[in-house]
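Visitor: I should like to examine this model with you and ask how each descriptive term is justified. Please set every value against its definition.

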Amino acid sequence: MIRGLGRDFYFYWAARGVSKLGSALTMVALPLLVFKLSGSPALTSLMVVVDTTPMVLFGMLGGAVGDMWPRRTIMMIADICSAVALSSIVICSWLDQLSVAVVLVAGFISQTGEVMYDGANWGATPALVQRDALDRANGLVWGTQSLMELAGPGLVGMLLVVLSPSQVVLFDVVSFAASAVLIRAVSTTMSDHTSSQTARIRNIPHEIANGLRYLRTRAGLARLVGVGTTASAAVGAMFGILVPWAVERLDVPSSGWMFSIMMASWSLGAAIGAFATGRVRAGERAIFVTSVS
């Protein structure tokens with residue numbers, strides 16, 4: 001443990017890591033589950049669309065709410081809602097009543113919970129550690145998150161050797177529940193608000209409008225938003241076609257060691273790319289490399 005970060009920070013850090021690993025598993029398991037239920041590449045792609053739509057619809061709302069209410073409370077509620085939503089997939093599978101509609105709705109609700117969690121999460125670290133420890137704390141949080149996101153695809157491939165996709169989803173249910181418990185153990189609200197609840201609700205549209213105005217006045221930030229949007233669209237398209245293409249064209253079973261190797265190689269490639277691009281200096285050159293890749 002790094003000295004000077006404090007007990008509350010380590011509870012928060014553990015919650016973030018556990019939750020991100022579970023989400024990385026589900027990111028692969030849900031499209032695979034939809035494909036196994038329907039055999040339809042179009043519905044598999046729709047699952048990816050459903051997963052990404054909440055960020056578009058509620059991203060700015062989540063940020064505004066996270067600045068106005070106790071972050072710990074928001075994060076706990078978001079974790080619980082996500083866990084309950086994904087539990088419906090596991091329960092329906094046990095009852096042999098699972099359908100594509102259940103998976104799509106559960107995925108949308110879970111992802112909405114993650115968006116609201118992230119809106120509160122952005123300001124959590126500065127509220128938990130002293131200013132002189134902020135760089136170390138951020139490095140630990142984001143390094144762990146990146147590691148979980150890289151490890152997830154390979155791990156889900158190995159799990160699918162012995163488990164069904166719906167059983168893999170159970171890991172994410174447990175991760176959200178564990179995250180909620182860990183966040184509950186944080187003693188601070190991670191916020192300091194004195195305005196009334198009514199005033200906060202009224203301020204939400206104003207805060208969102210301020211954010212949009214700020215974005216319009218910052219050309220560099222607007223370009224980064226464009227790069228991020230394009231990259232997300234490419235990743236979403238890849239997720240939508242990866243499983244159907246591998247199963248139908250390459251004869252890779254949707255479970256077993258071959259699928260595990262395919263997903264593990266994806267994680268390896270991401271790790272190599274992260275290491276290589278980490279040496280690129282920030283600025284226009286970084287934007288160019290991101291756009292080309």
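Visitor: How do you know that the length of α3 agrees with its 24 residues?

Guide: The expected span of a helix is 1.5 Å times one less than its number of residues. For the 24 residues of α3 this gives 34 Å, and the end C-alpha atoms are 35 Å apart, so the two values agree. Helices here are DSSP runs of H or I with at least four residues, strands are runs of E with at least two, and both are numbered from the N terminus. The model is a predicted one, in which local features need pLDDT of at least 70 and side-chain atom pairs count only at pLDDT 80 or more, while totals for chains, interfaces and linings use all residues. Residues are numbered from 1 along each chain as its sequence is written, and side-chain values use heavy atoms, with hydrogens and water left out.

Visitor: What makes α3 and α7 roughly antiparallel?

Guide: Helix α3 covers residues 71–94 and helix α7 residues 165–184, and they pack at an angle of about 160° with their axes 8 Å apart. Axes are lines fitted to C-alpha atoms, for helices over the stretch in contact, and the angle runs from 0 to 180 degrees between N-to-C directions. Angles under 35 degrees count as roughly parallel, over 145 as roughly antiparallel, 65 to 115 as roughly perpendicular and the rest as oblique. The pair α3 and α7 is therefore roughly antiparallel. Residues making this contact include M75, D79, L86 and I89 of α3 and V169, D172, F176 and I183 of α7. By class, the contact has 14 nonpolar, 5 polar and 4 charged residues. In this classification Ala, Val, Leu, Ile, Met, Phe, Trp, Tyr, Cys and Pro are nonpolar, Asp, Glu, Lys and Arg are charged, and the others, Gly among them, are polar.

Visitor: Which hand does the crossing of α3 and α7 have?

Guide: The crossing of α3 and α7 is left-handed. A crossing is given that name if the near helix is turned anticlockwise from the far one by less than a right angle, and is right-handed if the turn is clockwise.

Visitor: Why are α1 and α3 called roughly parallel?

Guide: The angle between α1 and α3 is about 30°, and their axes lie 13 Å apart. The pair is therefore classed as roughly parallel. Contact, meaning heavy atoms within 4.5 Å, is made by Y12, S19, T26, L30 and L33 of α1 with M75, D79, L86 and I89 of α3. These residues divide into 6 nonpolar, 2 polar and 1 charged.

Visitor: Why are α1 and α2 described as roughly antiparallel?

Guide: α1 packs against helix α2, residues 41–68, at an angle of about 155°, with the axes 8 Å apart. The description of α1 and α2 as roughly antiparallel therefore follows. Their crossing is right-handed. In this contact, L30, P31, V34, F35 and S38 of α1 meet P41, L43, T44, M47 and V48 of α2.

Visitor: What makes D96 exposed and L98 buried?

Guide: Buried means under 20% relative accessible area, exposed over 50%, and partly exposed in between, with a 1.4 Å probe and protein chains only. D96 has 67% relative accessibility and so counts as exposed, whereas L98, at 18%, counts as buried. D96 is in the loop between α3 and α4, and L98 is placed in the loop between α3 and α4. Leaving aside neighbours within four places in sequence, L98 is in contact with L33, L37, I89, C92, S93 and V103.

Visitor: What is notable about the phi of D96?

Guide: The phi of D96 is positive, about 60°, although D96 is not a glycine. Most residues other than glycine have a negative phi.

Visitor: How do you know that α4 is largely enclosed by the rest of the structure?

Guide: Of the 22 residues of α4, 16 are buried, so α4 is largely enclosed. N121 lies in α4 and, at 3% relative accessibility, counts as buried. Apart from neighbours within four places in sequence, N121 is in contact with Y12 and R16.

Visitor: How many helices and strands does the protein chain have?

Guide: The protein chain has 11 helices and 0 strands. Of its 293 residues, 41% count as buried.
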